[in-house]
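Open the structure in your viewer and keep the sequence panel beside it. This tour tells you what to select at each stop.

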Amino acid sequence: MADLDDIKDGKDFGLDRPQQNAAYSLKGCGALDWGMQSRLARIFNPRTNRTVMLAFDHGYFQGPTTGLERIDLSIAPLFDETDVLMCTRGILRSTVPAATNKPIVLRASGGNSILSELSNECVAVATEDALRLNVSAVAAQIYIGSEYEHQSIRNIIQLADSGNRYGIPVMAVTGVGKEMARDARYFSLACRIAAEMGAQFVKTYYVDDGFEKVTASCPVPIVIAGGKKLPEDAALEMCWRAIDQGASGVDMGRNIFQSSAPLAMLQAVKKVVHEGVSAREAYQYWLEMGQEDRS
């Protein structure tokens, strides 16, 4: 109990200056509730407002694909170097140590496999379970122009509604069907719809022509998907160009864990995203630091 006989009047009221309350500067997120901003500030480094996410959620529809046969052997050694982990709740509970203490973006859509129609997804995680797992955001695909477009948009709406209720951001992931054009016009459409439906940030693909229009027309942060495995110099060049044209980070999987030197590749990507080094410098770093990985 406080000693009531020793109460002293305060003296430093700063009467010569107004109270400061710094606005949250992440694109499009300044009006969000405190809890949601706090979760986003774990995902996007407040110093740079950028992020490097390590995606290893591919097993939810691909099974034990190359590089993900054993998460504990191939992915766990990378945990310390990434900003964010993106995975499913099954892998999180079974394989990711709680002491890892990294923000989690939880895959929250599913219900199909590579043997069926990928766009036919449902919400696969209850918000209450996401809260139990203490995740920083949930993620779901949005398939604009597909047979199941309406269902995938409804999934984003459902997650956004429950996310707003509990303070959990939603990342919409722009899925692309085999017959869809991968161009700036399509991704501008998909990203804008995702943001309009309530997603706090969007994951999409980089395109060589017009990507700056994709990021400019999306009112919330965009992170790029790594996509298929590329040579390391090409992957780093894609990262650099995306950041230069307005992306707020990357969410890479195969271009990290299928690299011949995964740890060095992750470190090189971080240098591009957070330190602004060129793709050429980052590639040279990968060549030098990855020698031990490749030996």
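**Stop 1: around β10**

Select strand β9, residues 222-225, together with β10: the two run parallel and are joined by three bridges. This is a predicted model. Now pick Ala 225. Its bridge partner in β10 is Asp 251. Next, trace the chain from β9 to β10: the path passes through helix α9, residues 232-244, and this β-α-β crossover is right-handed.

Add strand β1, residues 51-55. Four bridges pair β1 with β10, again in the parallel sense. Click Leu 54 and look across to β10, where Met 252 stands opposite.

Stay on β10 and show its side chains. Are its faces covered or not? Both are covered. Gly 249 and Asp 251 are buried on one side, and Val 250 and Met 252 are buried on the other.

**Stop 2: the largest pocket**

Switch on a surface and go to the largest pocket. Its volume is about 840 Å³. To find the centre, select Phe 61, Leu 118, Gln 141, Val 176 and Tyr 205; of the 36 lining residues, these lie nearest to it.

Which elements each supply at least two residues of the lining? Colour α2 (59-62), β7 (170-174), β8 (201-204) and β10 (249-252). The largest share, three residues, comes from α2.

Finally, colour the lining by residue class. You should find 14 polar, 12 nonpolar and 10 charged residues.

How values were computed:
Residues numbered from 1 in each chain as written. Predicted model: local features only at pLDDT ≥ 70, side-chain atom pairs only at ≥ 80, totals over all residues. Heavy atoms only, no water. 1 Å grid on protein atoms, 1.4 Å probe; cavity = no way out; pocket = protein on both sides within 12 Å on 5 of 7 lines; lining within 4 Å. Points joined across faces, edges and corners; volume = space filled by probe spheres on them. Nonpolar A, V, L, I, M, F, W, Y, C, P; charged D, E, K, R; others polar. Buried < 20%, exposed > 50% of the residue type's maximum accessible area, 1.4 Å probe, protein only. Pairing = 2+ DSSP bridges. Right-handed = clockwise from strand over helix to strand, strands pointing away.
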